[in-house]
Every structure is written in structure tokens, then in C-alpha cells.
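User: I should like to examine how the labels applied to a structure follow from their definitions. Please show the sequence and the model before we begin.

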Amino acid sequence: MAQAIPRSQQTLKKDETVNLIAATKVNGTKLFNRKGERAGEVEDIMLDKVSGHVAYAVAAFGGFLGLGETRRAIPWSVLRYDTSLDGYVADVDDSVLKDAPNEIPSNDTYYRDLDWNSRVYSHFGVPPYWI
């Protein structure tokens with residue numbers, strides 16, 4: 001027989017607190033540039049299974065109804081949440097976002113490839129999360 005969860009621990013089941021958010025709620029969150037203009041949306045986040053660090057956000061840009069969208073990896077350290085915009089702001093120049101590597105493949109070869117990951121972090125001018 002399943003044991004009831006104590007009332008004091010039921011808050012762990014919430015999707016969001018003041019400083020925490022469930023990964024499922026990050027998906028679909030608006031993404032803005034430094035000027036506060038809508039740039040795209042966070043489609044997903046990629047977590048390092050071993051370290052537990054958020055490696056990067058997969059952001060979708062452009063398109064209409066999912067057609068013609070491009071996806072780019074944005075290091076998590078580049079993003080900051082802005083409560084007034086109710087979304088994430090990419091704290092980089094627009095040209096950095098526009099020219100970010102966009103070859104996020106469907107297989108996981110690149111995700112394990114430190115050269116690819118290093119190129120993404122280098123493009124954004126931030127140190128890799130694994131250092």
C-alpha cells in the first residue's frame with residue numbers, strides 16, 4: 001500500500017517557487033535580446049547527467065507554426081531570468097545570437113563531443129560549465 005506524502009513535503013511537487021522552476025515549465029519560455037525584444041523561445045534545457053549542471057538551453061528562433069525555425073544551443077550562463085518580461089534574456093549582442101552554431105543534431109554524438117561544446121561556449125565568450 002502506498003504511503004501518503006507528508007504535508008510538509010507536498011511543496012516539493014510544485015512546479016515553481018520564488019527562486020526555483022521545474023524544467024517542464026522552462027520549455028516554451030520566451031527568450032529576449034538585451035533590448036527586451038522577443039528573439040525566440042527556450043525549447044528545452046540540456047542537463048549534464050554526471051555533474052547535474054545545466055549545459056545549455058536549446059532555443060528556437062524564427063519560423064511560423066514550427067516551420068522554418070532554427071535551433072541554437074545557448075550556454076545557460078548567458079541567460080538571466082527577467083521577471084518584468086516573464087522570460088529569459090540572452091545577455092549577448094544580437095549578432096552573437098544570430099550567428100550561433102545551429103547544427104544541433106538529433107543524435108547525441110555532438111552532445112558528448114567536447115569540440116562541439118567548446119565551440120558553442122567559445123562563440124558566446126563564456127567559460128564552459130565543465131571547467
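User: Why is Tyr88 called buried or exposed?

Analyst: Tyr88 has a relative accessibility of 7%. Buried means under 20% relative accessible area, exposed over 50%, and partly exposed in between, with a 1.4 Å probe and protein chains only. Tyr88 therefore counts as buried. This is a predicted model, in which local features need pLDDT of at least 70 and side-chain atom pairs count only at pLDDT 80 or more, while totals for chains, interfaces and linings use all residues. Residues are numbered from 1 along each chain as its sequence is written, and side-chain values use heavy atoms, leaving out hydrogens and water.

User: Which class does Tyr81 fall into, and why?

Analyst: Its relative accessibility is 37%, so Tyr81 counts as partly exposed.

User: What makes the rings of Tyr81 and Tyr88 a pair, and of which kind?

Analyst: Rings of Phe, Tyr and Trp (its six-membered ring) pair if their centres lie within 6.5 Å; planes under 30 degrees apart count as stacked, over 60 as edge-to-face and the rest as tilted. The centres of Tyr81 and Tyr88 are 5.1 Å apart and their planes stand at 75°, so the pair is edge-to-face. Ring pairs also link Trp76, Tyr81 and Tyr88 into a cluster.

User: How many aromatic pairs does the structure hold?

Analyst: There are 6 aromatic pairs. One of them joins Tyr56 and Trp116, edge-to-face at 5.8 Å centre to centre with 70° between the planes.

User: Why are Tyr56 and Trp116 assigned to their accessibility class?

Analyst: Tyr56 has a relative accessible area of 3%, so Tyr56 is buried. Trp116, at 2%, is therefore buried.
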